[in-house]
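User: I'm new to reading structures, so please take this one slowly. I'd like a close look at a single part of it.
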Amino acid sequence: MTDLMRLHGARERWVRTGGIELCVVELGDTGETRRPTVVLVHGYPDSKEVWSEVAARLADRFHVVLYDVRGHGRSTAPAPLRGGFTLEKLTDDFVAVIDAVSPDRPVHLVGHDWGSVQSWEFATVRRTEGRIASFTSMSGPSLDHFGHWIKQRVKRPTPRKVGQLLGQGAKSWYVYMLHTPVLPELAWRGPLGKRWPGILERVERVPAGDYPTPSLPSDAAHGAWLYRDNVRARLRHPREDAYAHAPVQLITPLGDAFLSPRLYDQLETWAPRLTRRTLPAKHWVPRTRPDQLAAWIGEFVTAHEEKETGVLAPRTTPESRYADRFGGQLVLVTGAGSGIGRATAFAFAEAGARVIAVDRDAESAARTAEMARLIGAPEAWGETVDVCDEQAMEKLAEKVAAEYGVVDVLVNNAGIGLSGSFFDTTPEDWKKVLDVNLWGVIHGCRLFGRQMAERGQGGHIVNTASAAAYQPSKALPAYSTSKAAVLMLSECLRAELAGKDIGVSAICPGFVNTNITSTARFAGVDAAEEKRRQKKSSRLYGLRNYPPEKVADAILAAVVHNKAVVPVTPEARGAHLMSRFTPRALRTIARMEPPL
């Protein structure tokens, strides 16, 4: 039994077409709900099981259909093999499947690798017009578009275009190998077939499990004819009318070893209704990033169903300038109940990210998550934890990995303030500040950073430090020490994790108008005096009125551009420059009495 058939509600049927039988699996119930149908088409050398993780995540909202392409998995192979895998015959198969599973309603098509190559054919030929409601493509171009792309670079060569052509030519080495007679079949049925799961696990970081299936050697041997029957013919004589008749969502893994992102330049010419997404991942994203793919597919399908039916979903479509970068990504923010943390959660939500809002106050975390969903997050959850509690953080990390997936962006933002002279600061004061401001960051980096590293698909860690990290002050010995430690920790982690494509940024705000001033503690004074100072500092920060939303914008920009240290406010940037070029002047300023 395959992992697909183990999924709750999975149903198997057989569709006969062109002398072969296709094995089709359906998940989710159409019934009276009339759920949209999503058809997932696999690539080479895969079978439908490559989609099992994505399908499971989509099945609660959609009628999900997967089928083994002819000659793969449990579907039968054509005889003879030569000439049995043309795009025309693959289109016959697709039409037969959708006639069986959704005869009276257009389907939403999703393809990966050769599944995407086929799906471009389906989405651009006349006989499927009106049968496809949307198309999501990943890691597989149209052979017709590819042919025109090559011709443009051969007819009008420039150094840049020649470089692009040579670069893609090098990435396509395996295509030449698959055109050689007999050798690919011998390799796949021999040593390559046995070693392939280990290669995927080691190189692509595909998790070990039920994939690939035991049919891999024969799937790969049969699938070589996908290339032999189509590639040379279409690249030499690409169709002139290969225009997509459905909206297209293009998901481009930036670390794809086989396809250059440049292949999709000017794709809008062929697909006028195009939505672009980029993903910091390698080629086999259905296995390595199923959570994000399911979020993007679900969002795209829902948006186009709304256009057809006129029934709008309760959330809005992301309009942030970072939507193509963070849409569907999983972002965890600590200290998200208020201030910079809440503003950061909202900024990621506006960009279409899935948000985990973490705070020690359960009500505040839940409220942030609720607002994030209204703002644009496809999914958002509130989680309650004290970041300085090591065991609680470990349980949170286990829960997040099991229920939501591996975090793409971690924002360690939770922090507390403490003011007072060194000699008035008690050991208990020191412990509390360091537990939250430093150990909370350490726990987050250690637990969630390790998950990112083990996944092997990159990610980003943001640690909220402060201008106090490099600007000494006689009034902030404990707070400044904790933030300086966060800054140095970030720099060390950045060096260690660079080889794993995980960025680390330290955000250093100055005076920001948040409620940290109203909750900050003042060492060495009684309760009444502490209350007075809290009110005065809140008033001063309010007069400064630098909003936390600007810090949130800086955090998103830091992730996009992989910045190391980001002073945010004007005073933070000024102090950062002074710390580098005029440190003596900064030390003089540190001796001044604070205005409290």
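How much area does the chain expose, and what percentage of it do carbon and sulfur atoms supply? After that, please walk me through the largest nonpolar core.

Analyst: Sure! This is a predicted model, where local features need pLDDT of at least 70 and side-chain atom pairs count only at pLDDT 80 or more, while totals for chains, interfaces and linings use all residues. Residues are numbered from 1 along each chain as its sequence is written, and side-chain values use heavy atoms, leaving out hydrogens and water.

The chain exposes about 25,700 Å², with carbon and sulfur atoms supplying 55% of that (Shrake-Rupley method, 1.4 Å probe). Of its 596 residues, 56% count as buried, meaning under 20% relative accessible area with a 1.4 Å probe, protein chains only.

Now go inside. A nonpolar core is a set of buried Ala, Val, Leu, Ile, Met, Phe, Trp, Tyr and Cys residues joined through side-chain atoms within 4.5 Å. The largest one here has 85 residues, and Val64, Tyr67, Phe94, Trp114 and Tyr227 have the most contacts inside it (contact: heavy atoms within 4.5 Å). Helix H2, residues 87-101, gives this core its largest share, eight residues; helices are DSSP runs of H or I, at least four residues, numbered from the N terminus.

Let's zoom in on Tyr67. Skipping neighbours within four places in sequence, Tyr67 touches residues including Leu22, Val39, Val41, Phe94, Val97 and Phe122.

There's also a second, separate core of 43 residues, with Leu332, Val400, Ala478 and Leu487 among them. In soluble globular proteins, nonpolar side chains tend to be buried together.

Methods
Buried means under 20% relative accessible area, exposed over 50%, partly exposed in between (1.4 Å probe, protein chains only). Helices (H or I, at least four residues) and strands (E, at least two) are DSSP runs, numbered from the N terminus.
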